Amino acid sequence: MKPDTAEVSEAAVRRAVEVAQLPELDRTDAIYARAFELAQGPSRRPARGQFVLNILYYGLLLTAFAWVFSMTIDRDLPVHQISREIVNPNRQVRVGDRLAIKGVRDRVRQCELTRRYWLVDGSGRRLDYEVEHFDAYGQLGRENEIVGPTIPLDATPGRGRVFVSLAYDCNALQRALGWSITTVLPPLEFEILPRATP
């Protein structure tokens with residue numbers, strides 16, 4: 001029995017419509033795929049602003065590292081001592097009087113200073129003085145200054161020697177960690193005389 005012509009034509013029309021819709025479905029898939037690609041695109045390709053922020057971030061990190069490194073290797077003395085001498089008459093100092101030391105030095109930069117004196121008296125006993133702290137002071141270049149401690153009343157007369165230790169703090173790392181640039185100057189000899197009788 002032959003199929004009805006109307007049924008055949010209806011089935012053919014339905015098949016023709018389905019075939020005609022296939023390219024439309026492919027186009028819809030392509031549109032959705034493109035939309036998905038655009039939505040995910042920024043995560044695969046960083047924006048220009050993010051790139052600039054990355055450069056700034058790593059640049060700041062590198063600068064901070066270089067700054068800390070330069071403070072770590074900074075161990076040059078800021079003051080070069082040229083000469084030192086005791087200027088008391090005949091290099092003699094009475095107990096209770098001030099020992100005058102004239103120093104000539106060349107200051108290359110200004111740093112905080114911690115100075116500590118100690119002396120060895122005529123009996124060989126060590127006498128320590130209080131530590132002195134100074135903020136960064138003095139003009140750059142050559143300078144002359146007379147400094148020195150007072151001879152303690154309990155110092156034994158005889159040959160004495162005075163020592164001085166200098167500790168410079170020239171940057172924040174040295175101040176924070178106490179990692180000062182230190183130097184001990186050569187000792188100076190002098191004579192301690194008994195206290196003058198009134």
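This section walks through the fold, the internal cavity, the nonpolar core and the aromatic contacts of a predicted model.

The protein chain contains 3 helices and 9 strands. Followed along the sequence, these elements appear in the order α-α-β-β-β-β-β-β-β-β-α-β. The chain has 198 residues, and 27% of them count as buried.

A convenient place to begin is the empty space inside the protein. Rolling a probe the size of a water molecule over the atoms shows where such space is left. Searching the whole structure turns up 1 cavity of 30 Å³ or more, and the space in this largest cavity comes to about 210 Å³. Its lining is made up of 18 residues. For a reader who wishes to find the spot in the structure, the residues nearest the centre of the cavity are Q81, R105, R115, V147 and L166.

The lining draws on several strands. At least two of its residues come from each of β1 (79–86), β3 (101–107), β4 (112–120), β7 (141–147) and β8 (158–169). Strand β3 provides the largest share, with 4 residues. In chemical character, the lining comprises 11 nonpolar, 2 polar and 5 charged residues.

One of the residues nearest the cavity centre, V147, deserves a second look. This valine belongs to strand β7. V147 is classed as buried because its relative accessibility, 14%, falls under the 20% cut-off. Along the chain V147 and A100 are 47 residues apart, yet 5.8 Å separates their C-alpha atoms.

Attention can now pass from the cavity to the packing of side chains. In soluble globular proteins, nonpolar side chains tend to be buried together. In this model the largest nonpolar core has 25 residues, and those touching the most other members are L99, I151, V162, Y168 and F190. Strands β1, β4, β8 and β9 (181–193) each contribute at least two residues to this core. The biggest contribution is that of β9, which gives 5 residues. Strands β1, β4 and β8 thus appear in two settings, since each supplies at least two residues of the cavity lining and at least two of the core.

The aromatic side chains add further detail. A pair of aromatic rings is described by the distance of the centres and the angle of the planes. The model has 3 aromatic pairs. One of them joins Y57 and Y58 in an edge-to-face arrangement, with 5.1 Å between the ring centres and 75° between the planes. Y57 is partly exposed, at 48% relative accessibility, while Y58 is exposed, with a relative accessible area of 55%.

Another pair, W118 with F163, is stacked: the centres lie 5.4 Å apart and the planes are 5° from one another. Because W118 sits in strand β4 and F163 in strand β8, this pair ties together parts that are 45 residues apart in sequence. Both partners are buried, W118 with a relative accessible area of 10% and F163 with 15%.

A charged group also meets an aromatic ring in this model. R75 is placed over the face of W179, at 4.2 Å from the ring centre.

Definitions and conventions
Residues numbered from 1 in each chain as written. Predicted model: local features only at pLDDT ≥ 70, side-chain atom pairs only at ≥ 80, totals over all residues. Heavy atoms only, no water. 1 Å grid on protein atoms, 1.4 Å probe; cavity = no way out; pocket = protein on both sides within 12 Å on 5 of 7 lines; lining within 4 Å. Points joined across faces, edges and corners; volume = space filled by probe spheres on them. Nonpolar A, V, L, I, M, F, W, Y, C, P; charged D, E, K, R; others polar. Phe/Tyr/Trp six-rings, centres within 6.5 Å; stacked < 30°, edge-to-face > 60°. Buried < 20%, exposed > 50% of the residue type's maximum accessible area, 1.4 Å probe, protein only. Lys NZ or Arg CZ within 6 Å of the ring centre and 35° of its normal. Core = buried A, V, L, I, M, F, W, Y, C linked by side-chain atoms within 4.5 Å.
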